[in-house]
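Here are some worked exercises to try with the model open beside you. Have a go at each task before reading its solution.

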Amino acid sequence: QVQLVQSGGGLVQAGGSLRLSCAASGRTFSLYAMGWFRQAPGKEREFVAGIRWSAGFTYYTDSVKGRFAISRDNAKATAYLQMNSLKPDDTAVYYCAARGGSYYLPFSFDAQDYGYWGQGTQVTVSS
């Protein structure tokens, strides 16, 4: 089993920053693609940011580009999402996810391709 444990999140005013963490168990973290997704009330879960096993390749949805940054520390088996210049529209439950066995596959933006998920953490941005 692969366990993903999230931390961070909370309530912040517009323009503020938060950092989410996702710690993974197992010894194959360095080969997993990692993604961050979010889901707002009444909306579908959407891709936010992702990173391949090679940290030099990152991906972002247009609405967060330039404000959010995904990173990973393979030695700590942890992925991060740094969120700056937060907006009320960023309010959602944020989930980290891992995609194993993807070394030979293109990066995926589809939540259904990720087999392991964190418990989710609430991010609320007030105006």
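**Exercise 1: the disulfide**

Cys22 and Cys96 are joined by a disulfide, with an S to S distance of 2.1 Å. Work out its handedness and place it in the chain.

Solution. A disulfide here is a pair of cysteine sulfur atoms within 2.5 Å. The torsion about the S-S bond of Cys22 and Cys96 is about 60°, so the disulfide is right-handed. Next, locate the ends: Cys22 lies in strand β3 (residues 18–24) and Cys96 in strand β9, 74 residues apart, so the pair links distant parts of the chain. Strands are DSSP runs (E, at least two residues), numbered from the N terminus. Finally, both Cys22 and Cys96 are buried, meaning under 20% relative accessible area with a 1.4 Å probe, protein chains only.

A note on the source: this is a predicted model, where local features need pLDDT of at least 70, side-chain atom pairs count only at pLDDT 80 or more, and totals for chains, interfaces and linings use all residues. Residues are numbered from 1 along each chain as its sequence is written, and side-chain values use heavy atoms, leaving out hydrogens and water.

**Exercise 2: the surroundings of β4**

Find the partners of strand β4 and explain why β4 is largely enclosed.

Solution. Strands pair if DSSP finds at least two bridges between them. β4 runs antiparallel to β9 (residues 92–99), with seven bridges, and antiparallel to β5 (residues 46–51), with five. Arg38 stands opposite Tyr94 in β9 and opposite Glu46 in β5. Now check burial: six of the seven residues of β4 (residues 33–39) are buried, so the rest of the structure largely encloses β4.

How values were computed: Buried < 20%, exposed > 50% of the residue type's maximum accessible area, 1.4 Å probe, protein only. Helix = DSSP H or I, 4+ residues; strand = E, 2+ residues; numbered from the N terminus.
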